[in-house]
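Reader: I should like to request a close look at a single part of this model, namely the surroundings of its ligand. Please treat the matter in one connected account.

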Amino acid sequence: MKQSLTDTTTKNHLEHRLCSELKGVGSVLAQRLAKCGIRTLQDLLFHLPYRYQDRTRLTAIRDLRLGDYAVAEGRITHSAVKFGRRPRLECTLQDATGQLQILFFNFHPGLQQHLVDGAWLRCFGEVRGLGRQLSMIHPEFQHVQTGDEVPVEQTLTPIYHTTAGLSQQRLRDLTDQALTLLEQGGLLAELLPEIILQHYQLTELATAVALLHRPPPQISFAQLEAGEHPAQQRLVFEELLAHQLSKLQLRQQVNQQVADPLPATQEYSDSFIKQLPFTLTQAQQRVIAEISEDLAQPHPMQRLLQGDVGSGKTVVAAMAALQAIEAGYQVALMAPTEILAEQHLAKFSEWFMTLDIKVVWLMGSLSSGLRKAMLATLTSGEAQLVIGTHALVQADVQFYKLGLVIVDEQHRFGVEQRLLLLEKGYQQQQIPHQLIMTATPIPRTLAMTAYADLNVSVIDELPPGRTPIQTAVVPNTRRSQIVERIIETCRKQRQVYWVCPLIEESEVLQCQAAEDTAAHLQQVLVDFNVGLIHGRMKGIDKETIMSDFKSGRIDVLVATTVIEVGVDVPNASLMIIENCERLGLSQLHQLRGRVGRGCVESYCILLYQAPLSEAGKQRLQVMRDTTDGFVIAQQDLMIRGPGEILGTKQTGLANMRVANLVRDQYLLTQVNEVAQQVMQQYPQVITPLIQRWLGDGEKYGRI
Ligand code: ADP
Ligand code: MG
């Protein structure tokens, strides 16, 4: 069975052999298999069951437990069709220990003839209650003879993800054939070096795969279901390793790429810092230095700037931009929403005005005349900084000399958008530097994996003088008290956000809800101005509303989650979030981060729709207890899985086949060690490993 590392290209290896060589696989079936991502025999073997059923033993009816999937057997003592709201065929099955009802709705008339009194039946299904009796609804069944020793299954029954026209039985049949081939040995390349297998006590690949397709009956079912069986963990290890290697490889590639060095001259940055109304925190200074050093290198910077909401990332971005501009290059800053882009525009224009730097903007809502003029300034090099939304990546946007790309709130962008923007700076072999900013903190081990291809800077300190936001969780029914609270806040010349998040999966409805709320609030808040902002408004209207809120002409801003990212109005000190139970914790944290930006005491009221589940209560408790983004992210990760936090598209990590980043976090440190070792000592297995686990998905790590 043992495989050597060197002969992975052998043609009879299962990775090179198509499923069409199996018995019964014609073009139709081959297409259906392809729909499940299965082309080669190796694909088929890596298409592992996602759960199992235990049909290896008969359970006496007396021993059946609610919720179990079980095999039971007995004689039909009664069989009748019952008419009523839902006509059904109902049979009573009896063995020596008790009775079980089996029910069929919408049954074929012929079924009744099969299930007559006196027949012996073996059933497999979920055990449910029916009044005080036990039942199975639509069990799989077969006729058996009394006293027959019809064998039960020899292994646990695998259940595969499948597609229309591809039955479980068919998949079992095909995997049986593939497993027979596997038994011949030598056909599935063991890519992990022997020494690593031994050191980490990993099961051999072929053994693990065979076991997972057909687990023996004595195996721990619970362990298997939890994904914690050594055979599973062995595959998890290999998959995590493949991801890690792909990132390290990317990083290596980047280090071989060429960029124009952008050394700091301090021409602008010194006077910029002097004119700031605050001093930079230690953390800001540290990350600015890290970025500055990267920019001066002849390789493209690929730096991720992590910092909790309100930690002051914008000014760091400004410093990076200045260094590139000083060196004679252009900078593009991309933000995920028009509101945020507008705000950056206002801030950077103000900051850079005295420095005589030309700042332009590009958004979807720009008139075509204005847009043309903006584009011209970019092509000519007259504009040094452009701020915009994804409108920046459109085909006709061309730069004179793009040296640095800054992406704010990176988790909101797809990889393709970032890549497209970056490509605008490609010149001959040169690639622009890149700074990616995110407010989504993720646990450290996870960061090592998710961002292994990037250098990471962390702002781990908030600007001084912030008072922590106080959070209350309040049922929806107490809205009237909240109005009092708003009035009180506005009387103190402070401002308020009222957020109406997604109620249905419909933006229209969401905006409608916000409109209704705004109208209602304006009625009860006669002395104050209520404004409304949502995603379906025109760019120019949004702009007016935001600037009115900023200047204080609007006291209460009713908004959809469009204000989630980046919005910065330090005088706002109260936020109400409706339907908070429907939002993820990280999203609530982002939203809440819109207040507590100045030095006044700030409050956040989370309004929920009763009743709350126990888990729901716990989640909101987390929001009340902490304002630490890392703690919140860890909780969110456990509750909702990694997809939400990492952003599937950014990392490719959320679509893993066998690994689960939450469950398998504990392996990451080992995996990182092994990845380093493989890079140095076994480079020949890198490509086959990445190919096996990531296939074409590899390109997602590219930027
Ligand atoms: P985020 O990291 O969430 O993007 P911002 O860059 O929007 O945060 O900064 C939040 C607020 O803190 C802004 O009003 C900004 O002007 C202010 N700020 C940034 N750095 C400092 C500092 N060192 N001292 C005081 N205030 C600061
Ligand atoms: Mg920001």
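Which side chain has an N or O atom 2.6 Å from an oxygen atom of ligand 1?

Author: The side chain in question belongs to T314: one of its N or O atoms is 2.6 Å from an oxygen atom of ligand 1. The protein covers 89% of the 560 Å² of accessible area that ligand 1 has on its own. The model is a predicted one, and the distances and areas given here are computed from it.

Two further contacts may be set beside that of T314. In the side chain of K313, an N or O atom is 2.8 Å from an oxygen atom of ligand 1. At G312 the partner is a polar atom of the backbone, with a separation of 3.1 Å from an oxygen atom of the ligand.

The shell as a whole comprises 18 residues, of which G310, K313, T314, R466 and D568 come nearest to ligand 1. By character, the shell divides into five nonpolar, seven polar and six charged residues.

The position of the ligand can also be described in terms of domains. The chain is divided into domain 1 (14-50 + 163-220), domain 2 (57-143), domain 3 (269-459) and domain 4 (469-626). Ligand 1 lies between domain 3 and domain 4, because both give residues to the shell around it. As for domain 2, its C-alpha centre and that of domain 3 lie 66 Å apart.

Salt bridges complete the account. A search of the whole structure finds 23 of them. R286, E290, D294, R303 and D460 are linked in a network of such bridges. Within this network, the side chains of R286 and E290 meet at 3.9 Å, N to O. Both residues lie in helix α10 (residues 282-295), four residues apart, which is about one turn of the helix. R286 has a relative accessible area of 35% and is therefore partly exposed; E290, at 25% relative accessibility, likewise counts as partly exposed. The side chains of D294 and R303 form another salt bridge, at 2.7 Å, N to O, and both of these residues are buried.

A further salt bridge joins the side chains of E581 and R582, again at 3.9 Å, N to O. E581 is partly exposed, with a relative accessible area of 21%, where the bound for a buried residue is under 20%. R582 also counts as partly exposed, at 46% relative accessibility.

Terms used: Residues numbered from 1 in each chain as written. Chains lettered and ligands numbered in written order. Predicted model: local features only at pLDDT ≥ 70, side-chain atom pairs only at ≥ 80, totals over all residues. Heavy atoms only, no water. Near = heavy atom within 4 Å. Polar contact = N/O pair within 3.5 Å; in protein donor to acceptor, adjacent residues only side chain to side chain. Areas by Shrake-Rupley, 256 points an atom, 1.4 Å probe, with all protein chains shown as cover. Nonpolar A, V, L, I, M, F, W, Y, C, P; charged D, E, K, R; others polar. Domains from an automatic or database assignment. Salt bridge = Lys/Arg side-chain N within 4 Å of Asp/Glu carboxyl O. Helix = DSSP H or I, 4+ residues; strand = E, 2+ residues; numbered from the N terminus. Buried < 20%, exposed > 50% of the residue type's maximum accessible area, 1.4 Å probe, protein only.
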